[in-house]
Amino acid sequence: MIGDNGDNHRISINALKGEGDLRGVAGGGGGGRNAVYTNEALSESTISMNPPNEFVGSNDFILVDENKTHSTKDAIKSIVPWMKRKAKGACTKKMLYRRLPILSWLPKYNSSDAIGDLVAGITVGLTVIPQSLAYSNVAGLPAEYGLYGSFLGCFVYIFFGSCKDVPVGPTAIASLLTFQAVRGHGPAHAILLCFLTGLLELLMGLLGLGFIIDFVSGPVSSGFTSAVALIIVTSQVKDILAIKVSGSTFVEQWISIFSEVQNSSVWDAVLGISCIAVLLIMRVIPADEKCPEEDKPTIFHKIVNKFLWMFGTSRNAILVVIGGFIGYSFYVNGTPPFKLIGDIPQGLPDFKVPSFGYTEGNNTVSFTTMVSDLGSGIIVVAMIALLENIAICKAFANGKTVDATQELIAIGLCNIANSFVQGYPGTGSLSRSAVNNASGVRTPFGSFYTGLLVIIALLFFTPYFFYVPKAALAAVIIAAVVFMVEVKVVKPMWRTKKSDLIPGLGTFIACLLLPLEIGILIGIGINLLFILYHAARPKITVERLTSRTGIEYLMLTPDRCLIFPSVDYVRNLVTKHSIRQAAPAVIDCSHIYGADYTAATVIETLTKDFAGRDQPLIFYNLKPSVCAVFEGLSPKEFVVCYTEDELDRLLKSRNDYKPKDVLQV
């Protein structure tokens, strides 16, 4: 494998077996004196090694060649035992408890848990009802569809959800994505989108594909969320001004707003802006927890704090109720000067299978046409719903691991269930989760009371929603999503790594100018380009050292694997520094854990270049698996060593090297 002063020594790999561990190039990575990796190409290459009992190298890889060939038939046969093992593993008690988290907390459920869940569930329910009515407008659907998607999923999540703080239902992001996917085709498309999204999430969960969200980095997620917040705010301007707005992207909507602004209603604008101001003021009402005397809160102080907290937390419900009274007072005395929600069907929705095709007039819309209309929105809604839900789980996990696979299964089943009661896609909401957590929720059973409250609202209160002004609901949305613009992450990102601002800013701009699914793909693409760039431009540490025998040499240490994007760059750097320093070159391969065919060809060329200059080139501590890749081309003058003694010996044996004039740079 190495040429020593031009002498070729062919050695069988079995001759390298010594009393110590056989490790390093063409030797097994530890494991005893019989752990040997057989490199078939090695017997045909040139090699010079230290004595067998001194042959000690890296033990990071354990490579075993059993000299067996596997046919396609054998591979197919091996699938059956693998499937049996998977099926056996899926039927264990451990897996059952993992896939049904309710089995873990229900046996330990007590009265304290019940009280905490009751308070939290009702508090979240007071937030869910007005938000669901408002988010339906974002999704471009009648108001009742938000309520339809806010109760059954809560019950399903109790059994399959792994995070106690997650209340499942419509969210701002999911509603906007639904609007862009449905594109005005109506509720049937939104319900089918809910079913298909849930089915895709469930399938991804069963296949263990939760890792996909790892491809969405923090900067991309922040850019996407901030852009969505601005788009949602823009979509609600039409209800604040009581005008008709067309377009789905940020730019299209603002162009439409400016063209219609002269038709705006002063009453709606005044009411909407006033409601936004009230909500923001109620949001910052402090619940002073400082004690008046001796740091011990009095009962009165506790009651005041709790009242202020409940008042601020229930601000959306309070505003909707007050807005309803204002709308009612105008309605009974004549025509209201502002737009109202209008009729909402009373009672629970029919439990039925989502429409896989329907007839509209003389036109029949087939299932394939509906799926084609939804397009990539099915995948985008599923992925963003998972991303949003996992972010919530991580925020309230208190350092515990988050099972993305289980959350995929849970959210998928929730959406499938919601589609049977005419709901549209939903997921966990960060704002409602924060309320849930602050309310003292103890288990996922808190969602039961939230779902129950929504059912009560559907059964008894929908006639009163008729009088709620649309401007008030728009104010609820704007006051909620305006804080989703993540300005606060810019400063830390600038301090830590300025280049992370590029994918974040790129995602933000792309999502404002283009449809959201294209915008986030652009953001992920920019992020992958950065990763590929770093893979193609590894850092190389260059040191001029002196061996124990007094010979100066150049030590070059790449910090990552040698693969086709980076290998030419590494070759150029190695060549440049070795020519400039005019000394034997040693490449420390301690951090090189992988290589490919392109790298092998470049290494072969590199060894020829050094041999042509008669300049020593030594590879130090090369992993066996990487060496096997390089040896596949049987390069000449390929020198590898694994100990300092061997390195000193090789440098001393090549001490006659003198740089040629042609090497001057």
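**Figure 1. Here are the spans that UniProt annotates as transmembrane regions, shown on a predicted model.** The unreviewed UniProt entry places the feature "transmembrane region" at residues 190-213, 266-286, 307-331, 365-387, 448-466, 472-490 and 502-533. Two of these spans make a nice pair to look at side by side. In residues 307-331, the end C-alpha atoms lie 32 Å apart, and the span is 96% helix and 0% strand. For residues 472-490, the end C-alpha atoms also lie 32 Å apart, but here helix makes up 58% of the span and strand 0%.

**Figure 2. Strands 5 to 9 come together in an open sheet.** Follow the strands across and you will meet them in the order 5-6-7-8-9, with mixed pairing. The edges belong to strand 5 (540-546) and strand 9 (639-641), each of which pairs on one side only. From one strand to the next, the twist averages 25 degrees.

**Figure 3. A closer view takes in strands 6 and 7 and the helix that lies across them.** Strand 6 (residues 552-558) and strand 7 (residues 585-588) run parallel and are joined by 3 bridges. To find your way along this pairing, look for methionine 555, whose bridge partner in strand 7 is valine 586. Helix 23 (residues 567-581) lies across strand 5 as well as strands 6 and 7. Relative to strand 6, helix 23 runs at about 165 degrees.

**Figure 4. The largest cavity has helix 23 and helix 24 among the contributors to its lining.** The whole structure holds 3 cavities of 30 Å³ or more, and the largest of them contains about 60 Å³ of space. Its lining consists of Pro558, Leu562, Val567, Val570, Arg571, Ile587, Ile592, Ile603, Leu606 and Phe619. Helix 23 and helix 24 (597-612) each supply at least two of the lining residues, with the largest share, 3 residues, coming from helix 23. By residue type, the lining of the largest cavity has 9 nonpolar residues, no polar ones and 1 charged.

**Figure 5. The second largest pocket is lined by 22 residues.** About 640 Å³ of space lies in this pocket. If you are looking for its centre, the residues that lie nearest are Ser162, Cys163, Lys164, Lys400 and Thr401. Helix 2 (93-99) and helix 3 (102-105) are the elements that give two or more residues to the lining. The lining of the second largest pocket is a mixture of 9 nonpolar, 7 polar and 6 charged residues.

Conventions. Residues numbered from 1 in each chain as written. Predicted model: local features only at pLDDT ≥ 70, side-chain atom pairs only at ≥ 80, totals over all residues. Heavy atoms only, no water. UniProt positions renumbered as here; feature names shortened; annotations may be inferred. Helix = DSSP H or I, 4+ residues; strand = E, 2+ residues; numbered from the N terminus. Pairing = 2+ DSSP bridges. Axes fitted to C-alpha atoms, helices over the stretch in contact; angles between N-to-C directions. Contact = heavy atoms within 4.5 Å. 1 Å grid on protein atoms, 1.4 Å probe; cavity = no way out; pocket = protein on both sides within 12 Å on 5 of 7 lines; lining within 4 Å. Points joined across faces, edges and corners; volume = space filled by probe spheres on them. Nonpolar A, V, L, I, M, F, W, Y, C, P; charged D, E, K, R; others polar.
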